[in-house]
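Here are some exercises to work through with the model open on your screen. Try each task yourself before you read the solution.

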Amino acid sequence: MVKKKIVVIGGGITGLSSTFYLKRELEKQGLDYELVLLEAGTKVGGKIETVRRDGYVIERGPDSFLRRKPEMQELVRDLGLADQLVENATGDNYVLAKQGLHAIPRGSIMGIPARYRPFFKTGLLSASGKLRVMGDLFLGKQQVDGADMSLGAFLRARVGDEMVDNVLEPLMSGIYAGDLDEMSAEATGEQFLKLEREYGSLIKGIRAIYNETTAKQTTESTFLTLRQGLTTIVEALEKELSAKIIKKGKRVHKISKQARGYELTVTNQEKLLADSIFIALPYHEIIPMFQDDAIFEDIGEIPAASVATVGMIFPKEAIEKDIKGSGFVVSRNEDFSMTACSWIHRKWPHTVPDDKILLRAFVGRRKEESIVELADKAIEETVLSDLNRIMTINQAPEYTMVTRWRNSIPQYTVGHVQRKEAIFEEFREAYPGVFAGGASFDGVELSECVRQGKDGTASVLAYLEKLVAQ
């Protein structure tokens with residue numbers, strides 16, 4: 001019998017975690033299958049990239065993962081790294097709106113108030129805006145089952161324009177770098193839709209969750225990372241999989257269906273055969289691999305936004321008018337180029353020497369991406385100009401690190417779930433044994449990507465089990 005071969009394409013966290021769990025399952029089940037991961041670049045990890053220098057731990061991409069989602073924590077434990085987990089330091093988070101910084105009201109979940117007193121005290125909304133939010137309590141169910149709409153339209157109908165523009169849109173844009181009035185409610189607002197279905201009100205549902213969870217909650221921290229940065233996870237995965245499985249500098253140009261399995265045309269016209277394939281790449285990189293087939297023509301695109309991060313180090317005395325908190329997000333209604341900023345020295349104090357300050361600003365989002373293409377110095381000057389409007393910085397940064405992520409944040413626009421299912425159905429029908437997953441499809445947060453990697457593992461093994469049985 002010819003040995004079965006599994007190929008994973010893409011060395012980001014989705015592809016790495018899928019390959020890791022495939023290897024474990026093959027060993028556990030005693031399956032003598034060949035397993036290989038192909039990565040086009042010279043390194044793996046995707047958007048995870050940690051810089052360690054002079055006592056600093058600086059992330060170029062994501063700096064943490066959500067505590068409430070289990071998949072990344074499980075991966076960390078499976079890699080034997082649980083003792084390196086670190087919680088974020090707690091503190092107020094702010095929204096830059098109405099020409100000033102306003103603390104997000106305590107007792108809010110996803111921006112929706114669970115406690116009334118802090119909400120009515122906030123300066124984020126006018127008196128009429130707050131009353132409009134309270135109208136959600138009396139609206140009942142509004143959504144039409146089976147019909148997608150923009151998340152902005154759904155939320156505006158429930159809590160009003162002011163709440164959306166000053167609170168919810170900045171918070172959601174911090175995740176998706178998107179335009180709330182384009183984003184799919186079904187794909188990005190599932191929790192909001194569920195609250196409306198179950199409670200007839202977002203506020204009633206959030207209050208129920210708050211009352212249940214706060215009684216059990218033992219910590220206020222929302223995020224987790226590793227003491228030496230998220231690259232620690234990538235390094236452990238790479239060590240576990242080894243160069244025998246991970247092949248770098250191997251870009252897949254074409255996938256062709258054969259009488260048995262698939263032929264992959266790789267860098268330098270190298271040919272590889274595979275019985276099953278899991279593709280963990282952005283959607284726009286998948287389409288060219290099927291260049292001789294029109295299977296994606298009628299499905300539509302999954303657009304992506306470009307962003308950049310700007311890490312800046314200062315001595316403590318450089319900032320005269322500091323703000324006590326973890327960071328802020330920016331309303332689109334404000335005349336700022338930044339979309340958000342984190343005070344890393346407060347959020348992750350273990351990553352910065354005691355006498356230094358590390359700020360990490362973000363620029364670029366859907367429809368506001370031209371700034372990403374400016375020179376590093378121009379981006380730095382723009383961010384400093386923005387920061388000096390809300391705090392006083394009397395020195396230039398000692399060190400600045402600009403990182404561009406072009407076409408990196410997938411946009412789940414209205415109809416995304418239907419497009420995703422159409423893509424997966426095309427694979428099932430036209431390319432059995434080929435599967436896809438990752439941020440382009442079903443969640444951009446790290447745990448969601450790991451979940452999709454594990455789903456890919458299960459799909460590949462189930463397909464090959466059927467194939468062997470035939």
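**Exercise 1.** Find the residue in E19 that stands opposite Val329, then work out how E18 is paired and covered.

*Solution.* Start at Val329: its opposite number in E19 is Ala340. This is a predicted model, where local features need pLDDT of at least 70, side-chain atom pairs count only at pLDDT 80 or more, and totals for chains, interfaces and linings use all residues. Residues are numbered from 1 along each chain as its sequence is written, and side-chain values use heavy atoms, with hydrogens and water left out.

Next, look at the partners. E18 and strand E19 (residues 338–343) run antiparallel and are joined by three bridges. Strand E7 (residues 93–97) pairs with E18 in the parallel sense, over four bridges, and here Leu96 stands opposite Val330. Strands are DSSP runs of E with at least two residues, helices are runs of H or I with at least four, and both are numbered from the N terminus; two strands pair if DSSP finds at least two bridges between them.

Last, check the faces. In a regular strand, side chains alternate between the two faces of the sheet. In strand E18 (residues 327–330), Gly327 and Val329 on one side and Phe328 and Val330 on the other are all buried (buried is under 20% relative accessible area, exposed over 50%, partly exposed in between, with a 1.4 Å probe and protein chains only).

**Exercise 2.** Classify the ring pair formed by Tyr94 and Trp343.

*Solution.* Get the rule straight: rings of Phe, Tyr and Trp (its six-membered ring) pair if their centres lie within 6.5 Å, and planes under 30 degrees apart count as stacked, over 60 as edge-to-face and the rest as tilted. That rule gives eleven aromatic pairs. For Tyr94 and Trp343, the centres are 6.4 Å apart and the planes sit at 85 degrees, so this pair is edge-to-face. The two residues are 249 apart in the chain, with Tyr94 in strand E7 and Trp343 in strand E19. Both Tyr94 and Trp343 are buried.

Want another spot to look at? Ring pairs also link Tyr262, Phe290, Phe427 and Tyr431 into a cluster.

**Exercise 3.** Work out the strand order in the open sheet that holds E5, E6 and E11, then see what lies over Phe223.

*Solution.* The order is E5-E11-E6, with antiparallel pairing. Strand E5 (65–66) and strand E6 (85–87) are the edge strands, each pairing on one side only. Two bridges connect E5 to strand E11 (residues 223–226), and Leu66 stands opposite Phe223.

Now turn to the ring of Phe223: Lys347 lies over its face, at 4.8 Å from the ring centre. A charge sits over a ring if NZ of Lys or CZ of Arg is within 6 Å of the ring centre and within 35 degrees of the ring normal. Arg389 does likewise with Phe336, its charged end being 3.9 Å from the ring centre.

**Exercise 4.** Is Tyr199 buried, exposed or partly exposed?

*Solution.* First place Tyr199: it is found in helix H8 (residues 190–199). Its relative accessibility is 35%, so Tyr199 counts as partly exposed. For scale, Tyr199 and Glu320 are 121 residues apart in sequence and 47 Å apart in space, C-alpha to C-alpha.
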